[in-house]
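Visitor: I am new to this structure and should like to understand the terms used to describe it. Please take me through the reasoning step by step.

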Amino acid sequence: MDLAFAAESRELQGLIDMLIAGNWKMNGLASSLGELTALKDALAKAPAPCEVLVCPPATLIAQAAWHVKGAFALGGQDCHGQAKGAFTGDVSAEMLKDAGASYVIVGHSERRQYHGERDGDVAAKAQAAWRAGLKPIICIGESLAEREAGTATHICSGQLDGSVPDGATAANTIIAYEPVWAIGTGRTPTAADIAAMHAHIRGCLVSRLGDGARDMLILYGGSVNPANAAEILSLPQVGGALVGGASLKALDFLKIIESVKRP
């Protein structure tokens, strides 16, 4: 297929060719917003070859929207399944949307591990994101023990089945594969391992959701940094990256963004 035609077709469908998303996790105060301003200024001089997203703490989203002024997308790191109610300390998808978010991460391994979130909880949050007009990034991934036991593909298949709601499409949902043992450790799977898992995930999505899932973005996350980004982003079926620590500094994040090759 002609690449220009393919790109035009995706644009008409409202699809993204590649996404580089930064997850600040529980980091960042008002003083950190200067990094977003620096990122905005840099992208104004050299536009990104992909969609760019930053997910700061919920406390900063509204302020971040003012600083960013639409230069790139903002997202939340989690949301509640309900739109409102007696859920002290939680944030709804509608609140994130109101603050200026257009995406939300759901089912991150740290939420699954430290907050006991199950696949059904993740699916409910993804549906809440749709309800509020946000695009969920649904995270899946295996632990080191599961990888070493040879059950990584089985674990990821099960998480996809339970966490991705019916009705998911390339236009309304993104998947992020994050091997739990590689998050924040500096360790990454081999290129062959990443490519094989992304191919497996693609097969699961197409089998479950139909041919339209061939266009669904599958991000890779797990110690992505400026040194390894180019290799990872060039792999088959890798539609971008979910970046942790390296997204906290505009310069490092920009280097990862610049690793994306235009279609």
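Guide: Let us begin with a term. A residue is called buried when its relative accessible area is under 20%, exposed when that area is over 50%, and partly exposed in between. In this predicted model, buried residues make up 47% of the 263 residues in the protein.

Visitor: What makes the radius of gyration of the protein agree with that of a compact globule?

Guide: The rule for a globule is 2.2 Å times the number of residues to the power 0.38. For 263 residues this gives a value near 18 Å, and the protein has 17 Å, so the two agree. The C-alpha atoms fill a box of roughly 50 × 45 × 40 Å along the principal axes.

Visitor: Which elements make up the secondary structure?

Guide: The protein has eleven helices and eight strands. As for contacts between residues at least 6 apart in sequence, 72% join residues at least 24 apart.

Visitor: What supplies the area that the protein exposes?

Guide: The protein exposes about 12000 Å², and carbon and sulfur atoms supply 54% of that area. Among the side chains, 22 are positive and 27 are negative, and the centres of these two sets lie 4 Å apart.

Visitor: Why is Ile-20 called buried?

Guide: The cut-off for a buried residue is under 20%. Ile-20 has 0% relative accessibility, and therefore counts as buried. Ile-20 is found in strand S1. Beyond its neighbours within four places in sequence, Ile-20 is in contact with several residues, including Val-52, Leu-53, Leu-233, Phe-253 and Val-260. Ala-58 is 38 residues from Ile-20 in sequence, and their C-alpha atoms are 19 Å apart.

Visitor: What makes strand S1 mostly covered?

Guide: Strand S1 spans residues 19-23, and five of its five residues are buried. Leu-19, Ala-21 and Asn-23 point one way, while Ile-20 and Gly-22 point the other way. In a regular strand the side chains alternate between the two faces of the sheet.

Visitor: How do you know that S1 and S2 pair?

Guide: Two strands pair if at least two bridges are found between them. Five bridges join S1 to strand S2, residues 51-55, and the two strands run parallel. Leu-19 has Glu-51 as its bridge partner in S2, and Asn-23 stands opposite Cys-55 in S2. Strand S2 is also mostly covered, with four of its five residues buried.

Visitor: Which strands pair with S5?

Guide: Strand S4, residues 103-106, pairs with S5 in the parallel sense over four bridges. Four bridges also join S5 to S6, and these strands run parallel. Ile-105 stands opposite Ile-137 in S5, and the bridge partner of Ile-138 in S6 is Ile-175.

Visitor: What makes S5 mostly covered?

Guide: Strand S5 spans residues 135-140, and six of its six residues are buried. Lys-135, Ile-137 and Cys-139 point one way from S5, whereas Pro-136, Ile-138 and Ile-140 point the other way.

Visitor: Why is Val-180 called partly exposed?

Guide: A partly exposed residue lies between the 20% and 50% cut-offs. Val-180 has 27% relative accessibility, and therefore counts as partly exposed. Val-180 is found in the loop between strand S6 and helix H9. Leaving out residues up to four places away in sequence, Val-180 touches Ser-109, Gly-141, Glu-142 and Ser-143. The C-alpha atoms of Val-180 and Gly-222 are separated by 7.4 Å, although the two residues are 42 residues apart along the chain.

Visitor: Why is Ser-259 called buried?

Guide: Ser-259 has a relative accessible area of 11%, and the cut-off for a buried residue is under 20%. Ser-259 is therefore buried. Ser-259 is found in the segment after helix H11, and touches Ala-229, Ala-230 and Leu-233, not counting residues up to four places away in sequence.

Visitor: Why is Lys-69 called exposed?

Guide: Exposed means over 50%. Lys-69 has a relative accessible area of 55%, so Lys-69 is exposed. The place of Lys-69 is in the loop between helix H3 and strand S3. Phi of Lys-69 is near 50°, a positive value in a residue other than glycine.

Visitor: Why is Gln-237 called partly exposed?

Guide: Gln-237 has 35% relative accessibility, and therefore counts as partly exposed. Gln-237 is found in the loop between helix H10 and strand S8. Phi of Gln-237 is near 75°, a positive value in a residue other than glycine.

Definitions and conventions. Residues are numbered from 1 along each chain as its sequence is written. This is a predicted model: local features need pLDDT of at least 70, side-chain atom pairs count only at pLDDT 80 or more; totals for chains, interfaces and linings use all residues. Side-chain values use heavy atoms; hydrogens and water are left out. Buried means under 20% relative accessible area, exposed over 50%, partly exposed in between (1.4 Å probe, protein chains only). Contact means heavy atoms within 4.5 Å. Accessible areas come from the Shrake-Rupley method with a 1.4 Å probe; for residues, only the protein chains shown count as cover. Lys and Arg count as positive and Asp and Glu as negative; His and the chain ends are not counted. The place of a charge is taken as NZ of Lys, CZ of Arg, CG of Asp or CD of Glu.
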